[in-house]
Amino acid sequence: MYTARIIQLTVHGLCGLIALTGALAVIYGTAAWLVAALGLLGTLGSLLWHLRREFATVPRAATTSERRALRRSRTPGFHKFLMRQLGDPHHPARMLHTLFIRPLSAPTFSGFWQSWNPVYRYFTLFWFYRPLRRHLPRQAAVYLTFIASGLLLHDLPFNLSADIARGQAPIPAVTLLFAIFGGMALVSEVRQLNLAGQPTWVRIAANLVWLGTGFELQHLILALLPS
């Protein structure tokens with residue numbers, strides 16, 4: 001009962017956000033809001049398709065092996081996923097390595113994001129990327145996942161929602177930043193920029209340069225946009 005209620009509220013919330021961002025795009029003529037509305041629309045469609053497949057009734061005649069395969073294909077619990085990613089919580093040094101050193105020492109910029117912040121990665125992987133990937137090419141699913149992460153997990157839950165409540169319509173800066181990071185990650189894959197054979201400090205420096213470049217591009221674009 002509670003799961004169905006949460007799903008219903010999530011779908012209604014996404015519909016409301018689509019209407020809000022679409023209205024802001026029309027009122028203020030800001031392309032960023034139009035992109036946000038389209039990203040939310042794609043996320044909603046993919047989520048509904050994902051839920052339809054996830055909660056489809058399992059035939060009673062299914063064999064034991066089929067039932068086991070179905071259970072393995074379902075989304076793991078959040079706590080189980082988090083503990084698998086972070087390791088033993090009684091070893092803080094290992095957790096710090098998992099949270100910071102391992103992502104920064106990834107051989108590619110896209111590999112950095114695949115390891116960064118396992119809390120948010122649970123939602124981006126199972127709620128955004130996988131549903132989108134069922135209907136879109138990988139590159140499109142990756143890019144929309146970055147945009148959805150910036151808008152739904154960063155901008156709207158924090159300062160953006162407060163600004164909207166005060167009657168303001170600021171540019172979703174974090175969504176813009178994640179759109180830049182998504183584009184950079186895809187470019188790094190296309191150009192095959194892989195530092196797997198380089199020392200750890202070189203990989204860390206390279207990922208820090210990628211991140212710094214993304215922030216600088218964000219600041220440049222925000223400076224060029226009308227306030």
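## Overall architecture

A residue is called buried when its relative accessible area is under 20%, exposed when that area is over 50%, and partly exposed in between. By this criterion, 35% of the 227 residues of the protein count as buried, in what is a predicted model.

The protein has ten helices and zero strands, so that reading along the sequence gives the pattern α-α-α-α-α-α-α-α-α-α. Among the contacts in the protein with a separation of 6 or more, 67% are between residues 24 or more positions apart.

## Nonpolar cores

The largest nonpolar core comprises 16 residues, and those with the most contacts inside it are F109, F112, W113, F146, F181, M184 and L211. At least two residues of this core come from each of helix 6 (109-115), helix 8 (138-165) and helix 9 (173-190), and helix 9 gives the most, with eight residues.

M184, once its neighbours within four places in sequence are left aside, is in contact with F109, W210, T213 and G214. Separate from the largest core there is a second core of six residues, which includes F128, L151, L153 and L156.

## Aromatic pairs and the aromatic cluster

The structure holds 15 aromatic pairs. In the pair of F100 and W116, the ring centres are 6.0 Å apart and the planes stand at 65°, and because an angle over 60 degrees is the cut-off for this class, the pair is edge-to-face. F100 lies in helix 5 (residues 92-104), whereas W116 lies in the loop between helix 6 and helix 7 (118-133), so the pair ties together parts that are 16 residues apart in sequence. Both partners count as partly exposed, F100 with a relative accessibility of 40% and W116 with one of 29%.

The pair of F112 and W113 is also edge-to-face, because its ring centres are 4.9 Å apart and its planes are at 80°; here both residues are buried. One aromatic cluster is formed by F100, F109, F112, W113, W116, F146, F178, F181, W210 and F215, and F109, F112, W113, F146 and F181 are also among the residues with the most contacts inside the largest nonpolar core.

## The largest pocket

The largest pocket has a volume of about 620 Å³. Its lining consists of 24 residues, of which W113, Q114, R121, T124 and F146 lie nearest the centre of the pocket. Helix 6, helix 7, helix 8, helix 9 and helix 10 (200-224) are the elements that give two or more residues to this lining, and helix 8 gives the most, with six residues.

By residue class, the lining of the largest pocket divides into 14 nonpolar, seven polar and three charged residues. W113, one of the lining residues nearest the centre, is also the buried partner of F112 in the aromatic pair described above.

## Individual buried polar positions

T175 lies in helix 9 and is buried, because its relative accessible area of 7% falls under the 20% cut-off. Leaving aside neighbours within four places in sequence, T175 is in contact with I147, G150, L151 and D155; of these, L151 is included in the second nonpolar core.

S115 is placed in helix 6 and, with a relative accessibility of 17%, likewise counts as buried. Not counting residues up to four places away in sequence, S115 touches T98, P103 and R121, and R121 is in turn one of the lining residues nearest the centre of the largest pocket.

## Backbone positions with positive phi

Most residues other than glycine have a negative phi. N117, although it is not a glycine, has a positive phi of about 50°; its place is in the loop between helix 6 and helix 7, and at 26% relative accessibility N117 counts as partly exposed.

Q192 also has a positive phi, near 55°, and is likewise a residue other than glycine. Q192 lies in the loop between helix 9 and helix 10, and because its relative accessibility of 69% is over the 50% cut-off, Q192 counts as exposed.

Definitions and conventions:
Residues numbered from 1 in each chain as written. Predicted model: local features only at pLDDT ≥ 70, side-chain atom pairs only at ≥ 80, totals over all residues. Heavy atoms only, no water. Core = buried A, V, L, I, M, F, W, Y, C linked by side-chain atoms within 4.5 Å. Buried < 20%, exposed > 50% of the residue type's maximum accessible area, 1.4 Å probe, protein only. Helix = DSSP H or I, 4+ residues; strand = E, 2+ residues; numbered from the N terminus. Contact = heavy atoms within 4.5 Å. Phe/Tyr/Trp six-rings, centres within 6.5 Å; stacked < 30°, edge-to-face > 60°. 1 Å grid on protein atoms, 1.4 Å probe; cavity = no way out; pocket = protein on both sides within 12 Å on 5 of 7 lines; lining within 4 Å. Points joined across faces, edges and corners; volume = space filled by probe spheres on them. Nonpolar A, V, L, I, M, F, W, Y, C, P; charged D, E, K, R; others polar.
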